[in-house]
Amino acid sequence: MEILSQDTKNILGLKLVTDPRWVDLASISIEAILTDHAWCEQKAATSCITLISKYNQKEKLVNELAPIVTEEWGHFRMILTEMHKRNLQLGPQRKDVYVNKLLEFQKKGGSPDERFLDHLLTMALIEARSCERFKRLSEGLEDEYLRKFYRKFMESEAGHYTLFINLADTYLPKEQVRKRWKEWIAYETELMQSMQVRGDRIH
Ligand SMILES: [Fe+2]
Ligand SMILES: [Fe+2]
């Protein structure tokens, strides 16, 4: 892992970039990476539905996340189409160590506001890391079509990262959001450093 340049850091808030060897590993297991990616999109759609049902009284959140559900599910379908084209099989969903470790950091005993903030920041972080990984794929894969394919995902997930941070800023004091975000970034940096580099998963 290397420290991110100031530019990318400002865009995504992340501190570490993915080990470049990850793309080489990913390119030899396209079926596995597409399968894992498909399930990430499914989880993104499901998580937005969960947020909408849990925070139904927050009008802006409901209005902004409703189309994201469609978009994430559209991403799932795009991957399915790509897999069919390549005669690849959608494999089973795996245990998501990265996401489970992030969930452990959520303040279980916190106030409703603190839990709401952690929920939004978890989403923002997953979007940011996915975006960073898609960027790697869009630059490093040998298959030109797949490089363009991942460029589209990268752009879309960057927008989602911003959306979750903006929602947090809408409902909670900005200083509280910044302070907690810093704690999340520090936690994620350690988590990424502790995780094995594997080419068969997005994170
Ligand atoms: Fe997506
Ligand atoms: Fe997303």
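These are my notebook entries on a predicted model of a protein chain with two iron ions.

**Conventions**

I number residues from 1 along each chain as its sequence is written, and chains are lettered from A and ligands numbered from 1 in the order in which they are written. Local features need pLDDT of at least 70 and side-chain atom pairs count only at pLDDT 80 or more, while totals for chains, interfaces and linings use all residues; side-chain values use heavy atoms, with hydrogens and water left out.

**Confidence**

I looked up pLDDT (the predictor's confidence in each residue, from 0 to 100). The protein chain averages 92, and 95% of the residues score at least 70. Confidence is lowest in strand β1 (residues 2–3), with a mean of 46, and highest in α4, at 98. Helices (H or I, at least four residues) and strands (E, at least two) are DSSP runs, numbered from the N terminus.

**Iron ion (ligand 1)**

I listed donors, taken as N, O and S atoms within 2.8 Å of the metal (3.2 Å for Na, K and Ca); water is not among the atoms, so sites may look incomplete. For the iron ion (ligand 1) the protein donors are E41 (OE), E72 (OE), H75 (ND1) and E157 (OE), at 2.0 to 2.3 Å. Along the chain their spacing reads E-x30-E-x2-H-x81-E. E41 in helix α3 (residues 30–54) and E157 in helix α7 (residues 144–171) are 116 residues apart, so the pair links distant parts of the chain.

I then checked the geometry. The four donor atoms subtend angles of 89 to 138 degrees, which makes the arrangement irregular. The rule I applied is that four donors count as tetrahedral if all angles lie between 85 and 135 degrees; four count as square planar and six as octahedral if opposite donors are over 155 degrees apart and all others between 65 and 115; anything else is irregular.

For burial I used relative accessible area: buried is under 20%, exposed is over 50%, and partly exposed is in between (1.4 Å probe, protein chains only). E41 and E157 are both buried.

**Iron ion (ligand 2)**

The iron ion (ligand 2) has as donors E72 (OE), two entries for E127 (OE), E157 (OE) and H160 (ND1), at 2.0 to 2.4 Å. The spacing here is E-x54-E-x29-E-x2-H. E72 sits in helix α4 (residues 59–85) and E157 in helix α7, 85 residues apart, and this pair again links distant parts of the chain. E72 is buried, as is E157. I also noted that E72 bridges the two iron ions, ligand 1 and ligand 2, which lie 3.5 Å apart.

**Helix α5**

In helix α5 (residues 97–104) I found Y98, V99 and L102 buried. They cover an arc of only 95 degrees around the axis, so they lie on the same side of α5; the arc is that of the directions from the helix axis to the C-beta atoms. These buried residues pack against α6 (112–140) and α8 (174–194), with contact meaning heavy atoms within 4.5 Å.

I took L102 separately. L102 counts as buried because its relative accessibility is 0%. Leaving aside neighbours within four places in sequence, L102 contacts T122, L125, I126, W184, Y187, E188 and L191. The C-alpha atoms of L102 and L125 are 9.0 Å apart, with their positions 23 residues apart along the chain.

**D36, H203 and S130**

D36 lies in helix α3 and counts as buried, with 5% relative accessibility. For polar contacts I required a pair of N or O atoms within 3.5 Å; within protein, one must be able to donate a hydrogen and the other to accept it, and residues adjacent in sequence count only if both atoms are side-chain atoms. The side chain of D36 reaches the backbone nitrogen of I202 at 2.7 Å. Not counting residues up to four places away in sequence, D36 touches R94, D200, R201, I202 and H203.

H203 lies in the segment after α8 and is buried at 4% relative accessibility. Its side chain makes a polar contact of 3.3 Å with that of S130. S130 is in helix α6 and is buried at 7% relative accessibility. A polar atom of the S130 side chain also lies 2.6 Å from the backbone oxygen of I126.

**N87**

I looked up N87 in the loop between α4 and α5. Its phi is near 60 degrees, a positive value in a residue other than glycine. Most residues other than glycine have a negative phi. N87 counts as exposed, at 73% relative accessibility.
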